[in-house]
Amino acid sequence: MVDPRVSLESILCVYENKNSVKDVFPVNYELEFEPDFKKFTFIGKEKISIRISRPVNKITLHAAELEIKQCKILWNEKEIKPKVRLDEKTEEITLVFSQKIFGKAVLLIDFTGQLNDKLVGFYRSKYKYNGKEKYLATTQFEAADARRAFPCWDEPEAKATFDVTLLVDSKHTAISNMPEISKKRAGKKTLYKFDTTPIMSTYLLYLAVGEFEYISSKSGKTLIRVITTQGKKQQGRLSLEFTKQFLSYFEKYFKIAYPLPKLDMIAIPDFASGAMENWGAITFRETILLFDPKTSSTETKQHIAEVIAHEIAHQWFGNLVTMKWWNDLWLNESFATFMATKAVDALYPEWDFWDQFLISEMTGGLSLDSLKSSHPIDVPVKSPSDVRQIFDEISYNKGGCILMMLENFIGDDNFRKGLHSYLKKHEYANATTEDLWNSLGSISRQPVRQMMNTWVGQVGYPVIEAKVKDSKLRLSQSRFLLENNGKPKQGNWIIPLSVRTGDKTVTKLMKGPITILYKQNWFKVNYGQKGFYRVKYDQSARDALGVQVEEKTISNVDRWSIHHDLFALCISGQVSFREYLDFVRHYEDEDDYVVLSDIISSLNFFYILLSGEQFWDEIKEFNHAFFNKVFARLGWDQAKEEKSTTALLRGQVISSLGRLEDPEIVAEAKLRFANLLKTGQLNPDLRGPVYSIIAWTGDSTTYQKMLGLYRKAPTQEEMVRLLSSLANFQDKKLLSKTLLFTLSKEVRTQNLFQPIARMVTNPQGKELVWPWIKQNWKGIVSRFGAGNPLLNRIIGSVSIEADFEKEREIKKFFTRHHVPGTEMKLAQTLERVRIHARFTQSTKKEFN
């Protein structure tokens with residue numbers, strides 16, 4: 001095991017040998033915090049050991065929303081007090097000295113700050129225990145919010161060690177990245193001191209103060225704890241087991257021991273993101289760490305496993321080796337996404353997680369990257385607001401997909417050896433994309449850099465057009481765009497190509513147009529669906545594939561990709577809506593989860609987008625017939641030894657049929673809901689679908705019942721289900737009531753988006769969302785705070801609109817009410833509205 005306590009000399013060596021040295025950089029922070037839960041403030045003191053590479057008379061650090069009480073520097077046996085200049089816009093403080101200083105020095109700063117309620121920096125979280133209102137303090141520093149807790153060099157390359165002390169009320173417990181090394185009374189309070197951290201970036205530091213409880217175990221010598229607020233620790237049993245399993249898996253896979261003596265998994269009541277990989281102290285939303293067998297669904301169980309694996313993978317990718325700057329964020333997030341799927345699939349192969357990867361990751365990546373307003377994986381980043389915008393489907397989903405493609409190209413063993421080489425070479429330091437390509441290319445002896453830079457450095461992805469002529473299959477590529485009117489867009493990728501022609505598979509590295517001899521009745525491009533691209537077939541080739549789909553002579557992932565690409569071609573206007581529906585009939589006997597889930601989602605999308613059109617009834621009839629055939633094979637109740645994905649599919653199809661008011665589905669849902677009210681019993685996998693149907697067919701009395709259930713819900717998971725169902729009524733007065741309720745104190749800020757996301761998929765409610773956003777925008781921004789990722793989700797919700805005039809209205813509104821960090825999401829939203837408007841127009845003409 002690597003000793004996490006790194007010496008001063010080794011830190012300087014890391015900076016000088018592996019990083020570009022700046023004029024001033026930190027070596028060690030000694031930090032002391034004293035939170036005040038009555039005033040929601042904190043007092044802070046810090047002692048920063050720094051090294052100055054050339055004589056300077058000023059030092060600039062990051063600081064935001066802090067008040068500097070005192071500042072001085074110890075240098076050359078002198079004490080110098082600087083002038084302090086604060087720039088709120090750049091979130092920096094500059095210390096100006098009366099003389100130039102050089103070499104080693106110690107910076108001493110006293111400051112105060114706010115325990116805010118914006119879910120960033122050092123913030124407070126409210127919850128109830130035994131009917132009493134309680135608070136805890138926690139931190140969320142990624143990407144650039146450590147500066148809201150203490151003055152620092154808040155950049156990933158400015159790595160240092162940290163010694164944390166927390167002075168807290170005697171009833172409270174303190175938590176940080178490392179184990180406590182002392183705990184003693186200090187008047188009426190308790191002083192916690194924690195061991196020195198490994199050298200790491202500021203965004204990975206963690207602080208927490210509250211009334212916690214925990215369960216624990218060990219993986220080798222590593223202490224593992226699942227930490228919760230009072231009364232919830234037993235719901236952490238499943239996560240404790242997952243943590244042990246995945247920590248052990250990654251240690252064996254990377255062949256590098258986890259370097260800290262403990263790993264805490266901490267459930268936080270209020271949390272903007274899903275989870276955060278703070279080194280040795282990972283934080284989660286309660287819904288992503290706590291599992292109640294009575295109310296938690298199969299989907300929740302699998303999601304908990306995936307997120308835990310994702311965050312533990314970060315302990316190597318992101319924490320041990322950190323990107324040099326935020327343009328390489330994907331080195332953190334894409335790898336954690338990819339490695340989480342690999343780990344879950346290795347330990348739970350019965351979950352078919354690589355198949356589910358197509359739904360969870362590839363779908364989102366392909367969707368966002370089909371927009372002109374997308375961005376490259378390696379994207380220029382200048383400010384914190386730039387950073388926050390790229391925590392998206394490109395940095396996570398697309399990046400994970402191209403890693404799957406790369407591993408398939410160079411082979412599993414070479415990929416694993418290359419990762420080990422990369423991690424060992426750059427451990428406790430920073431790295432770039434080029435460093436990764438060097439390691440993988442050196443091990444595999446393949447043109448990794450040449451190929452992968454075409455995927456990382458340019459925006460978008462290709463569509464391969466396949467045409468057969470004179471017994472030759474001709475393949476050409478262009479950039480795929482949803483808003484392009486079917487016209488080819490220039491772009492060139494080096495594609496690891498796989499083509500199945502009958503019983504033969506041809507693999508090539510495609511750099512330009514290629515030709516393959518073809519003597520079979522059918523062919524499938526991107527065979528095995530490892531490549532991040534789409535395929536466009538002509539009518540005859542598509543018809544031939546339709547036969548293979550019906551006979552299931554090709555794999556489920558290939559059946560998935562044929563439909564998924566056709567759906568995108570339809571939205572982009574390259575295939576008519578009727579052509580799309582005709583092809584879907586080839587799937588009427590389909591029985592695979594990922595294939596059917598994709599089709600059901602697509603049909604539901606058309607149902608929502610085209611609601612209110614004259615031909616809407618025809619769409620509903622088509623959907624109803626298709627969904628009924630799926631449900632007939634599933635039924636309401638779990639069969640013996642059925643796959644876990646069957647439960648996921650059952651919930652999806654029951655909800656869809658309920659929305660179409662299938663009489664038998666509605667009647668059964670009402671019976672099961674009545675039994676729930678009487679006995680409290682209802683299969684967790686059916687709770688969401690049943691609540692959805694009850695709301696859809698309910699009235700004001702039903703609304704009050706569901707609101708009552710929400711207020712009494714025993715878990716956050718159950719609360720979210722019920723909150724979402726309040727947006728599924730058909731009565732617009734009730735939906736308006738839900739929108740009003742969403743901004744009340746009864747809805748956590750982290751959950752505010754849930755009913756909005758559901759309402760835009762409600763044909764009766766989608767037209768209410770945009771007026772509500774306009775009317776409440778000021779309050780929404782105030783509630784979230786600038787930089788909160790949830791703000792972009794609110795903006796993105798209006799992308800379901802399909803009207804050019806509405807697009808201009810939305811653009812005009814946000815021009816007047818601009819919030820930094822929303823520019824990219826707004827451009828993407830406006831583009832989607834235009835795409836939907838154009839599709840709706842063309843479909844109207846087609847049906848008329």
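**Notebook: two sheets and two helices**

I started with an open sheet of 5 strands, ordered S14-S15-S16-S18-S17, and its pairing is mixed. Its edges are strand S14 (212-219) and strand S17 (275-276); each has a single partner strand, so one side of each is left without a neighbour in the sheet. Note to self: this is a predicted model.

I then looked at how S17 is held. S17 pairs with strand S18 (residues 281-285) over 2 bridges, in the antiparallel sense. I looked up methionine 276 too, and its bridge partner in S18 is threonine 283.

Next I checked what lies across this sheet. Helix H2 (residues 237-254) lies across S14, strand S15 (222-229) and strand S16 (262-268). I noted that H2 runs at about 35° to S14.

Second sheet: I found 4 strands in an open sheet, in the order S25-S22-S21-S27, with mixed pairing. Strand S25 (514-517) and strand S27 (534-537) stand at the edges with a single partner strand each, so each has one side without a neighbour in the sheet. From one strand to the next, I get a twist that averages 25°.

Inside that sheet I followed strand S21 (residues 462-469) and strand S22 (residues 472-479), which run antiparallel and are joined by 8 bridges. Glutamate 465 stands opposite serine 476 in S22.

Last entry, helix H3 (residues 298-314): does its length add up, or what span should I expect? At 1.5 Å a residue, its 17 residues should span 24 Å, and the end C-alpha atoms are 25 Å apart, which agrees. I also looked at burial: H3 is mostly covered, with 14 of its 17 residues buried.

Methods:
Residues are numbered from 1 along each chain as its sequence is written. This is a predicted model: local features need pLDDT of at least 70, side-chain atom pairs count only at pLDDT 80 or more; totals for chains, interfaces and linings use all residues. Side-chain values use heavy atoms; hydrogens and water are left out. The expected span of a helix is 1.5 Å times one less than its number of residues. Buried means under 20% relative accessible area, exposed over 50%, partly exposed in between (1.4 Å probe, protein chains only). Two strands pair if DSSP finds at least two bridges between them. Axes are lines fitted to C-alpha atoms, for helices over the stretch in contact, and angles run from 0 to 180 degrees between N-to-C directions. Contact means heavy atoms within 4.5 Å.
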